[in-house]
Amino acid sequence: MPTRSTGAITQDWDPIVLHRAKPKAQDLRNPKAVNQALRSGAEVLTVKKFDAGSNRKAGGPAVNARKLEEGTEPAALERVAGEVRHAIQKARLEKKMSQAELAKQINERTQVVQEYENGKAVPNQAVLAKIERVLGVKLRGKIGK
């Protein structure tokens with residue numbers, strides 16, 4: 001049979017306090033909850049959001065930023081010069097290569113070679129160096145002149 005201690009028996013009771021859960025933000029925005037708070041005299045915070053509920057685009061600040069940007073930077077990018085275009089075409093035709101073959105040899109897409117020959121490409125020194133190497137012509141000294 002188990003033995004009991006001969007000391008005094010005490011109970012260690014701590015008070016437990018139950019708190020009501022805080023209302024969620026979604027519940028606070030509920031129109032019923034807002035009306036009830038107004039009726040009871042509680043403080044209700046209202047915030048008007050800028051351009052809330054409108055389909056208009058904010059055109060003011062973006063337009064001004066664009067004007068600032070255009071004022072400090074050149075409007076158009078530099079394109080391949082006419083001399084470079086003709087030199088690429090002439091050298092390619094002398095070697096009897098198509099644009100696709102040239103593109104394959106310089107590891108670029110055919111569209112890149114087309115853009116360089118049409119004058120629509122923005123000059124890239126690395127691409128021009130590859131074309132110079134394959135075709136054996138000088139191209140990089142003629143950019144933008």
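A polar contact is a pair of N or O atoms within 3.5 Å; within protein, one atom must be able to donate a hydrogen and the other to accept it, and residues adjacent in sequence count only if both atoms are side-chain atoms. One such contact, of 2.7 Å, joins the side chains of Glu-117 and Gln-99. The model is predicted, so local features need pLDDT of at least 70 and side-chain atom pairs count only at pLDDT 80 or more, while totals for chains, interfaces and linings use all residues. Residues are numbered from 1 along each chain as its sequence is written, and side-chain values use heavy atoms, with hydrogens and water left out.

The protein has seven helices and zero strands. Helices here are DSSP runs of H or I with at least four residues, strands are runs of E with at least two, and both are numbered from the N terminus. Of the 145 residues, 18% count as buried. Buried means under 20% relative accessible area, exposed means over 50%, and partly exposed lies in between, with a 1.4 Å probe and protein chains only. A contact means heavy atoms within 4.5 Å. Among contacts between residues at least 6 apart in sequence, 55% join residues at least 24 apart.

The structure holds three salt bridges. The term stands for a side-chain nitrogen of Lys or Arg within 4 Å of a carboxyl oxygen of Asp or Glu. Side chains of opposite charge can pair when their charged atoms come close.

One of the salt bridges is between Glu-117 and Arg-92, whose closest N and O atoms are 2.5 Å apart. This pair links distant parts of the chain, with Glu-117 in helix α6 (residues 110–118) and Arg-92 in helix α4, 25 residues apart. Helix α4 covers residues 82–94. Arg-92 is buried because its relative accessible area is 9%. Glu-117 is buried too, with a relative accessible area of 2%.

The surroundings of the two residues can be followed from either side. Leaving aside residues up to four places away in sequence, Glu-117 touches Arg-85, Ile-88, Gln-89, Arg-92 and Gln-99. With the same exclusion, Arg-92 touches Met-97, Ser-98, Gln-99, Leu-102, Glu-117 and Leu-135. Gln-99 thus appears among the contacts of Glu-117 and among those of Arg-92. The side chain of Arg-92 also has a polar atom 2.9 Å from the backbone oxygen of Met-97.

A further salt bridge joins the side chains of Lys-130 and Glu-108, at 3.0 Å from N to O. Again the pair links distant parts of the chain: Lys-130 is in helix α7 (residues 125–135), and Glu-108 is in the loop between α5 (99–105) and α6, 22 residues apart. Lys-130 counts as partly exposed because its relative accessibility is 24%. Glu-108 is also partly exposed, with a relative accessible area of 25%.

The remaining salt bridge is formed by the side chains of Arg-140 and Glu-132, at 3.1 Å from N to O. Arg-140 is partly exposed, at 37% relative accessibility, whereas Glu-132 is buried, with a relative accessible area of 11%.

Two loops hold a non-glycine residue with positive phi. In the loop between α4 and α5 lies Lys-96, whose phi is near 55 degrees. Lys-96 is exposed because its relative accessible area is 74%. In the loop between α5 and α6 lies Asn-107, with phi near 60 degrees. Asn-107 counts as exposed, at 66% relative accessibility.

Earlier in the chain, α2 is hardly covered, the count of buried residues among its 10 residues being one. Gly-41 follows α2 and has a positive phi, near 90 degrees.

Helix α2 (residues 31–40) gives the most to the lining of the largest pocket, with three residues. A pocket is defined on a 1 Å grid over the protein atoms alone, as an open set of points where a 1.4 Å probe fits, with protein on both sides within 12 Å along at least five of seven lines; lining residues have an atom within 4 Å of a point. The volume of the largest pocket is about 160 Å³, taken as the space filled by probe spheres set on the points, which are joined across faces, edges and corners. Its lining consists of Leu-28, Ala-33, Val-34, Ala-37, Glu-43, Val-44, Leu-45 and Thr-46. These divide into six nonpolar, one polar and one charged. Ala, Val, Leu, Ile, Met, Phe, Trp, Tyr, Cys and Pro count as nonpolar, Asp, Glu, Lys and Arg as charged, and the others, Gly among them, as polar.
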